[in-house]
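Dear colleague,

I am passing on a structure that you have not worked with before, and below it I have set out what was found. Please read the notes with the structure open beside you.

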Amino acid sequence: MVFTQRDQRILEHLYAHGGMLADYQIQHLEFTGRRQMQDRMSKLFHNGYIQRTSRAGWLLCGCAVYWLSRKGAEYVAA
């Protein structure tokens, strides 16, 4: 994964908003399309920068919720 300036901004958005944002909020802040947002968030998740709700959590709240992992928090702190 090539870490981009957008990735850095996403982590900073998460930090600035109490460490947690819903998928539609991240989409509004950084993306023009839903699929584009989902693909990038998946890369951040699989590379350990963020955590996300499980599928059961998606069903309960109607959206995916993302928050900083330890690695993501350390990146923002640096």
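In what follows, a helix is a DSSP run of H or I with at least four residues, and helices are numbered from the N terminus. Please keep in mind throughout that this is a predicted model.

With that meaning of helix, Arg 70 lies in helix α5, and Glu 74 has its place in this helix too, which covers residues 70–77. Since exposed stands for a relative accessible area over 50% and partly exposed for the range from there down to 20%, Arg 70 counts as exposed because its value is 68%, whereas Glu 74 counts as partly exposed because its value is 46%.

Each of these residues can also be placed against another part of the sequence. Arg 70 and Ile 50 are separated by 20 residues in sequence and by 8.0 Å in space, C-alpha to C-alpha, while Glu 74 and Ile 26 are 48 residues apart in sequence and 20 Å apart in space, again C-alpha to C-alpha.

The other finding concerns a pair of helices, α1 (residues 5–16) and α3 (residues 34–46), whose axes come within 11 Å and cross at roughly 80 degrees. Angles of 65 to 115 degrees count as roughly perpendicular, and α1 and α3 are therefore roughly perpendicular to each other. In their contact, Arg 6, Asp 7 and Ile 10 of α1 meet Gln 36, Arg 40, Met 41 and Leu 44 of α3, and the residues of this contact divide into 3 nonpolar, 1 polar and 3 charged.

With best regards

Definitions and conventions. Residues numbered from 1 in each chain as written. Predicted model: local features only at pLDDT ≥ 70, side-chain atom pairs only at ≥ 80, totals over all residues. Heavy atoms only, no water. Helix = DSSP H or I, 4+ residues; strand = E, 2+ residues; numbered from the N terminus. Buried < 20%, exposed > 50% of the residue type's maximum accessible area, 1.4 Å probe, protein only. Axes fitted to C-alpha atoms, helices over the stretch in contact; angles between N-to-C directions. Parallel < 35°, antiparallel > 145°, perpendicular 65-115°, else oblique. Contact = heavy atoms within 4.5 Å. Nonpolar A, V, L, I, M, F, W, Y, C, P; charged D, E, K, R; others polar.
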